[in-house]
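Trainee: Could you take me through one part of this protein in detail, and show me how that part sits in the rest of the fold?

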Amino acid sequence: MAIAIKSAREIALMRQAGKLLAKVHEDLAKELRPGMSTLEIDRLGEDMIRSLGCVPSFKNYCGYPASVCVSVNEEVVHGIPSSKRWIDEGDIVSLDIGLIHKGYHSDAARTHGIGEIHKEAALLIERTRQSFFEGMHFAKPGRHLYEISGAIGGYAEQFDYGVVRDLCGHGIGKKLHEEPEVPNFRKLARGVKLRPGMALAIEPMINMGTWQVCWLEDEWTVVSADMSLSAHYENTIVITEGEPEILTLTESELAEDESLNRYLRG
């Protein structure tokens with residue numbers, strides 16, 4: 001398994017790509033409202049990406065027709081935007097977005113509640129996010145890749161959630177998907193030893209019910225097999241000499257969690 005180690009120059013470019021993508025997520029989230037189509041969300045997202053001088057990572061990638069993966073309720077990932085699909089009050093909507101800045105990719109996902117949502121849906125969103133940060137405890141040099149996986153899965157499973165196994169995170173850099181694959185569940189093997197300069201897209205996909213999923217006829221949209229709600233949270237990170245650097249958090253997200261660095265060191 002050949003895992004690219006990024007240079008300081010490459011990390012600087014990826015850091016900027018991450019900041020730009022974080023801004024897109026922040027701005028697009030403010031536009032979400034009941035009654036808008038998923039196609040409208042995609043077009044807004046693409047316009048935002050291009051206005052920053054960047055290129056959408058996903059558009060035409062392996063044939064995917066849009067710039068933003070918009071997945072609603074039971075849709076886990078890769079929902080294809082449509083003028084005939086609307087988001088409603090009480091829905092949860094996952095936005096998975098990537099962009100290319102000066103030849104380097106950043107990739108991040110967030111799940112949002114539309115208007116007032118059910119308490120259990122809100123907990124699913126928050127716990128999916130938290131599972132990512134549980135994994136960050138182990139995103140350090142000398143630890144092993146699947147320690148991240150085990151921490152994510154172990155946290156989510158204590159709530160009897162289904163941790164999706166058929167999809168995973170990945171390395172990232174000049175290509176959207178690089179080695180290694182990053183599962184979100186515990187594996188018997190330890191995985192590769194983490195080294196400074198490794199760039200990873202860590203993305204828990206957590207279902208309220210079963211971990212099993214199905215692909216719809218469009219061959220892209222993945223749904224939970226029991227049609228239970230699903231949430232998705234992703235950031236692009238870099239392994240450093242110390243704590244992991246999370247490239248796709250906004251300043252406001254960092255400000256909301258003043259204890260983040262202390263938590264990671266805990």
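Mentor: What follows is a close look at one helix, α2, and then at the core it helps to form. The model is a predicted one, in which local features need pLDDT of at least 70 and side-chain atom pairs count only at pLDDT 80 or more, while totals for chains, interfaces and linings use all residues. Residues are numbered from 1 along each chain as its sequence is written, and side-chain values use heavy atoms, with hydrogens and water left out.

The secondary structure comes to six helices and 15 strands, where helices (H or I, at least four residues) and strands (E, at least two) are DSSP runs numbered from the N terminus. Helix α2 covers residues 38–51, and its 14 residues reach 20 Å from the first C-alpha to the last, close to the 20 Å expected at 1.5 Å a residue; that expected span is 1.5 Å times one less than the number of residues. After α2 comes glycine 53, whose phi is positive, near 80 degrees.

Within α2, the buried residues are Thr38, Leu39, Ile41, Asp42, Gly45, Glu46, Met48 and Ile49, buried meaning under 20% relative accessible area with a 1.4 Å probe and protein chains only. An α-helix has 3.6 residues a turn, so residues three or four places apart point the same way. The cover over the buried residues of α2 includes α1 (8–31), β1 (55–56), β2 (68–72) and β4 (92–101).

Ile41 deserves a separate look. Leaving aside residues up to four places away in sequence, isoleucine 41 touches Leu28, Leu32, Met36, Val70, Ile87 and Leu95, a contact being heavy atoms within 4.5 Å. Ile41 is also among the residues with the most contacts inside the largest nonpolar core, which has 21 residues, and others in that group include Leu32, Ile87 and Leu95. A nonpolar core here is a set of buried Ala, Val, Leu, Ile, Met, Phe, Trp, Tyr and Cys residues joined through side-chain atoms within 4.5 Å. To this core α1, α2, β2 and β4 each supply at least two residues, and α1 gives the most, with five. A second, separate core of 19 residues includes Ile3, Met136, Ile202 and Ile239.

For the protein as a whole, buried residues make up 55% of the 266 residues. Among contacts between residues at least 6 apart in sequence, 70% join residues at least 24 apart. The C-alpha atoms fill a box of roughly 50 × 45 × 35 Å, taken along the principal axes.

Notes: Buried means under 20% relative accessible area, exposed over 50%, partly exposed in between (1.4 Å probe, protein chains only).
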